[in-house]
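Reader: I've just opened this one and I'm not sure how to read it. Could you walk me through a few features?

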Protein chains: 2
Amino acid sequence: MTRMPPGTRARARAETTRAILDEARRQLAEQGAAALSLRSVAREVGMVSSAVYRYVASRDELLTRLIVEAYDAVGERAEAARDPEAPPRAQWRAVWRAVRSWGLEHPAEYALIYGSPVPGYAAPAETIPAAGRVGLLLAAIVAEHGQAPPGDGESDGESDGVLLEGLLPGVAPPLVLPAIAAWTQLFGTVGFELFGQYENVVVDRAAFLDAVADTAASSVGLPPS
Amino acid sequence: MTRMPPGTRARARAETTRAILDEARRQLAEQGAAALSLRSVAREVGMVSSAVYRYVASRDELLTRLIVEAYDAVGERAEAARDPEAPPRAQWRAVWRAVRSWGLEHPAEYALIYGSPVPGYAAPAETIPAAGRVGLLLAAIVAEHGQAPPGDGESDGESDGVLLEGLLPGVAPPLVLPAIAAWTQLFGTVGFELFGQYENVVVDRAAFLDAVADTAASSVGLPPS
DNA sequence: GGTTGTCAAGAGCACTGCTCTCGCTGTGTG
DNA sequence: CACACAGCGAGAGCAGTGCTCTTGACAACC
């Protein structure tokens, strides 16, 4: 491996890297992912374009880093919004709202991670764990407070093989599929709002999300508030 | 207005325009929207780049045309899939499946219309009607076969002001919000599949969509099959 | 103190969207 | 039937992009 001198050299490098990432995120937020130009980032940071390549291998790698940071940002925001002591449905709603408000504040970053993948660019594997955070958070709430619907004796044969084996270990089997559907619904709804699909359709988007969240909460067996 | 000679000139113009749009869609499908270059379209069609501007005002206008065509394509596919004589849930499922299979066949076009909006580009108003086709189709099924849930006396005050007034005229008021949620769920699920979010999560995506569709069908009051 | 390696800078290649000007050619009209 | 004009394709050119390679300087380590 490479030597790692803990001296000032490494510190300077870290600072420059941060400056580049910060400026890149700024441009991303202002003009969208496609308008993100390595040259203009360099210009703004105060170096020549070729120097940036010392810190970032390519434009794609820059985007990848921004993607991971964005996933972590939503995940963190959602986790912070959840109060484990609150009633289940309140926790659930808080997470939904947190995702929405993060998206409203960072539409370009939201589009980067939940919109169409950047063309000609396959999300590298390192983004996968970060991508699951919000989903796991929802799953944790379901695992703790979700009650499988009564009745319906044993007709659970249909869900075999649909989902990955062993996904969401703590969640009651009949609730796994509804949980995935709810997770999808959350990002589908926020995405539709952000991408303009609710133009002339939904007026009060916050209330709409609450309503959808509540229906989803019922589908994963959260007790009524 | 401009003169419009119905001679061979106009025919040639129409043909060239079609050739440009076809080639553009071909490139879109192969490499994604960002890689769509007016110059390479021109090259492939056999003219110089500046000549293309006689037919298409800008790259953005080209994208807009592709967007409208894509919306129409999904809409048409979905409408064709619905057999009005079939049982309600079969109609419903057919539409969901049609949207999914169209998306699988045309992922880049799907991303273009349901993914993040192309950066620095606001969807012009002319795309709005085309964008609503699938939604209206779902609404038609709900209007015809959806039965509002019994009981629940008159607690419909909460949904006031959330959605646009007079949206989906034929649909029973308590079913309007679930219908919008179902419409969102459809594209959220297909989008999540196409954009790779179900990697290592959902194995049998077709069966998963069917299951979600069925739950959604219940939420909009379609009678059990 | 010398050597080594990391760094910023610059030039350069191939590409992009878009504009403008130049001639040719087919078209509808006088 | 001839002509003037609109429509068209070609080319040059501007400003910008991602990325590579080479060059020279400076600082960090042995």
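Author: Let's go through the contact between the chains, then the ring pairs, then the salt bridges. First, the ground rules: this is a predicted model, where local features need pLDDT of at least 70, side-chain atom pairs count only at pLDDT 80 or more, and totals for chains, interfaces and linings use all residues. Residues are numbered from 1 along each chain as its sequence is written, chains are lettered from A and ligands numbered from 1 in the order in which they are written, and side-chain values use heavy atoms, with hydrogens and water left out.

Reader: How much area is buried between chain B and chain A?

Author: The size of an interface is often given as the accessible area lost when the parts come together. Here that buried area (lost accessible area, 1.4 Å probe, summed over both parts) is about 3300 Å², with 71% of it from carbon and sulfur atoms. Val162(B), Phe192(B) and Gln197(B) supply 15% of what chain B buries against chain A, more than any other three residues. Counting contacts (heavy atoms within 4.5 Å), 43 residues come from chain B and 43 residues from chain A.

Reader: Which helix gives the most to chain B's side?

Author: H9(B) does, with 10 residues. Helices here are DSSP runs of H or I, at least four residues, numbered from the N terminus. That side of chain B divides into 30 nonpolar, 12 polar and 1 charged residues. For those classes, Ala, Val, Leu, Ile, Met, Phe, Trp, Tyr, Cys and Pro are nonpolar, Asp, Glu, Lys and Arg are charged, and the others, Gly among them, are polar.

Reader: How many aromatic pairs does the structure hold?

Author: There are 24 over all chains. Rings of Phe, Tyr and Trp (its six-membered ring) pair if their centres lie within 6.5 Å; planes under 30 degrees apart are stacked, over 60 edge-to-face, and the rest tilted. Take Tyr198(A) and Trp183(B): their centres are 6.1 Å apart and their planes at 50 degrees, so this pair is tilted. The pair crosses between chains, from a loop between H9 and H10 of chain A to helix H9 of chain B.

Reader: Is Tyr198(A) buried or exposed?

Author: Buried, at 1% relative accessible area. The scale is under 20% for buried, over 50% for exposed and partly exposed in between (1.4 Å probe, protein chains only). Trp183(B) is buried too, at 7%. Tyr110(B) and Phe195(B) make an edge-to-face pair, 6.4 Å centre to centre with 65 degrees between the planes. Tyr110(B) sits in helix H6 and Phe195(B) in the loop between H9 and H10 of chain B, so they tie together parts 85 residues apart in sequence.

Reader: What about salt bridges; how many are there over all chains?

Author: Side chains of opposite charge can pair when their charged atoms come close. The cut-off is a side-chain nitrogen of Lys or Arg within 4 Å of a carboxyl oxygen of Asp or Glu. The search finds 28 over all chains, yet the count between chain B and chain A is 0. One of them joins Arg100(A) and Glu193(A), with the closest N and O atoms 2.9 Å apart. Arg100(A) lies in helix H5 and Glu193(A) in helix H9 of chain A, 93 residues apart, and both are buried.

Reader: Which parts does the pair Arg133(B) and Asp72(B) tie together?

Author: Arg133(B) is in helix H8 and Asp72(B) in helix H4 of chain B, so the pair ties together parts 61 residues apart in sequence. Their side chains meet in a salt bridge at 3.0 Å, N to O. Arg133(B) is partly exposed at 23%, and Asp72(B) is partly exposed at 28%.

Methods: Helix = DSSP H or I, 4+ residues; strand = E, 2+ residues; numbered from the N terminus. Buried area = accessible area lost by both parts, 1.4 Å probe.
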